[in-house]
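User: Please give me a close reading of one part of this model, the pairing of its strands into a sheet, and then set that part against the rest of the chain. I would rather have one connected account than a list.

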Amino acid sequence: MKASNLRIGQILIDSGVVTDEQLEEALVKQKSTKKRIADILVEDGVITEQQVCKALEKQLFIPYLDLDTVQIDTEQLGKIIPENLAQQYMVIPVSLDGRFLTVAIADPLNYKALNDIAIYTKLKIKPVIAEQTKISGKIREIYAAQKAYDDAKEFVADQQLSEQAKKEAEEAAMADASGNDQPIIRFVNNMIEEAVYQKASDIHIEPMEKCMRIRFRIDGNCQIYMETAPELIPAVTSRVKFIGNMNIAEKRIPQDGRINYKVAGMEIDLRISVLPSMFGEKIVMRITTSLGMELKKENIGFLPENLKKFEHLIASHRGIILVTGATGSGKSTTLYTGLRSIMRDEINIITVENPVEMIVPGITQVNINEKAGLTFAATLRSILRQDPDVIMIGEIRDGETANIAVSAAITGHLVLSTLHTYDAPSSVARLVDMGIEPYMVSSAVLGIIAQKLVLRLCTECKQAYSPSQEERMSLDLPLDKDITLYKPCGCEKCNQKGYKGRIAVHEILLFTHKIKRVVTQNVSSDELRDVAIEDGMIPMTENVRRLVLQGITSYEVFIDVTISND
């Protein structure tokens, strides 16, 4: 391998993408890490994976293939090269034409890999070059679902529907996870890992009369992961309950649990809810860890004007900051981001949550336990005796909690919390409905952030077009000017949806002197909205409109948000 790596290094120098000095530094690191030279250079940010591939293509006359543009027949090709061989040599089958097998490989100078694959498959190998990260993704795509199906088949083949067999299934499910030799353990592990790789927010395990259905919620919508035999229902349920520290014998009442799981070096936190249903226990596993996103205020999706308002709010020393929106709209992520941005040794931060969604080192976090009498209100009363500077309340859901939050804010604490309302102005009416006097709301509240998650257009396949007159009028655009908008199309990368990922849109209502006067007068939400817009609040619809003009989302998403906000 050393000679092969040196040749790659020389090729990169000849191509002009690295210098002799950069290669020498990488060679020194290689002695201790044993990694490929190209991998070290990519990790250090000297070059990109695509630059490596292009350099190899130019020097070796082996074509480069962008795997994002390729649809692989996983059912046929997944059986030609076994997963262990694909992982060992970082190679995947791409197409089969008679006796010729085209394979994508990260290191085309690894002649041993190409020779071993030729011997194993008894086919003539035609290599193409591809990025290692894309090959890893395709390996998971080709083999992960197949592994889950194979584990399911293996389990069903071994089990009958007798009571004794069900008992054995549950015993297998309760085995030590470190063994991973039981098919049901592998099945559950593969399911969780695939959900994490697909950036799902929830896993739904649904027992039905003739099958067990598993769905992932991705970008706000449920998508079927697989449907398999109903024989798996008791064992999968028992396995999930066991690793979630729930009572396996109790099947008549709802239960809640939690799992800390490690996937590809990431610590993943899953909250589990079990609910008895007609054909077994329905399980929902919420992945509460923020995947693929650093908790920095710049990454939340704020418009530049709104980011300044957010920074102004969290820099305050006393008062209430409320984040509102529907379930799953990213309220907790915004709150945690705010807390992380103000964390320092000089201040004492305490949170009270039900449950704690994300562990933050350096912050005291309290998990609510209503069965034991540890309610939001009871905990808050105790927290006020813990000398806090900043308090985060998971949710203000009743008058007692709201009153304590207001009292804490007025007596010199910064309080962050959430409310379940759909826009900023209606949050004032919600607090008044909870029994907080309007003058107390105006005194205690610093600002209200309403947010919603909207779909992002897939950057690979979005299509440019000229908007119609109706679209121009809806978006308040000039009728005679050349303007380009984008619409969803659909490709392999976005699973033919046209959208990939979501972005938050906001409206931030700052409690200026003008807003405080209006709130004290107890005006309606509509009147408050009109005054807030006059006072500089950017409505959520305007936020989405700007995203449409930037090509980040589509006109259809704008209309959807406009209708839901009316």
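Analyst: Two strands are taken to pair if DSSP finds at least two bridges between them. The model is a predicted one, and on that definition it contains an open sheet of six strands in the order β6-β5-β4-β9-β8-β7, with antiparallel pairing. The edges of this sheet are formed by β6, residues 221–228, and by β7, each of which pairs on one side only. From one strand to the next, the twist averages 20 degrees. As background, the strands of a sheet pair through backbone hydrogen bonds, in either a parallel or an antiparallel way.

At the β6 edge, strand β5, which covers residues 212–218, runs antiparallel to β6 and is joined to β6 by seven bridges. Within this pairing, Arg217 stands opposite Cys222 of β6. An aromatic pair involves residues whose numbers fall in these two strands: three such pairs are found in a search of the whole structure, and in one of them the ring centres of Phe216 and Tyr225 lie 4.6 Å apart with planes at 20 degrees, so the pair counts as stacked. The angle matters to that label because planes under 30 degrees apart are classed as stacked. Both partners are buried, Phe216 at 2% relative accessibility and Tyr225 with a relative accessible area of 12%.

Helix α11 lies across β4 (202–207), β5, β7, β8 (266–277) and β9 (280–287), and runs at about 45 degrees to β9. Between α11, which spans 233–243, and β7, which spans 255–263, there is a loop that holds Glu250. Despite its acidic side chain, Glu250 counts as buried, with 15% relative accessibility; this follows because buried is defined as under 20% relative accessible area. Apart from residues up to four places away in sequence, Glu250 touches Lys241, Gln255 and Glu281.

The packing of nonpolar side chains gives a wider setting for this region. The largest nonpolar core has 57 residues, of which Ile320, Ile393, Val441, Ile448, Leu509, Phe511 and Ile515 touch the most other members. Helix α15, residues 399–410, supplies the largest share of that core, with six residues. For Val441, the contacts beyond four places in sequence are Val428, Leu431, Val432, Ile436, Phe511 and Val519. There is also a second, separate core of 34 residues, and Met212, Ile243, Ile259 and Ile283 are among its members. By their numbering, Met212 falls within β5, Ile243 within α11 and Ile259 within β7, and Ile283 within β9.

Elsewhere in the chain, strand β1, residues 91–97, contains Ile92, which is buried with a relative accessible area of 0%. Leaving aside neighbours within four places in sequence, Ile92 is in contact with Leu67, Ile72, Thr102, Val103, Ala104, Ile135, Lys138, Ile139 and Ile142. One of these partners, Lys138, is 46 residues from Ile92 in sequence, yet the two C-alpha atoms are 7.5 Å apart. The loop between α6 (83–89) and β1 holds Met90, whose phi is near 50 degrees, a positive value in a residue other than glycine. Most residues other than glycine have a negative phi. Met90 counts as buried, at 13% relative accessibility. Phe61 likewise has a positive phi, near 60 degrees, but Phe61, in the loop between α4 (49–60) and α5 (74–77), counts as exposed at 73% relative accessibility.

For the cysteines, the structure holds zero disulfides. The sulfur of Cys489 is 5.3 Å from the closest cysteine sulfur, that of Cys461, which is too far for a bond, and Cys489 is partly exposed, at 44% relative accessible area. Cys491 is in no disulfide either, the nearest cysteine sulfur being that of Cys461 at 3.6 Å; Cys491 counts as buried, at 17% relative accessibility.

Taken over its full length, the protein chain has 22 helices and 18 strands, and 47% of its 566 residues are buried. Its C-alpha trace spans about 80 × 70 × 50 Å along the principal axes. Of the contacts between residues at least 6 apart in sequence, 62% join residues at least 24 apart.

Notes: Residues are numbered from 1 along each chain as its sequence is written. Side-chain values use heavy atoms; hydrogens and water are left out. A nonpolar core is a set of buried Ala, Val, Leu, Ile, Met, Phe, Trp, Tyr and Cys residues joined through side-chain atoms within 4.5 Å. Buried means under 20% relative accessible area, exposed over 50%, partly exposed in between (1.4 Å probe, protein chains only). Helices (H or I, at least four residues) and strands (E, at least two) are DSSP runs, numbered from the N terminus. Contact means heavy atoms within 4.5 Å. Axes are lines fitted to C-alpha atoms, for helices over the stretch in contact, and angles run from 0 to 180 degrees between N-to-C directions. A disulfide is a pair of cysteine sulfur atoms within 2.5 Å. Rings of Phe, Tyr and Trp (its six-membered ring) pair if their centres lie within 6.5 Å; planes under 30 degrees apart count as stacked, over 60 as edge-to-face and the rest as tilted.
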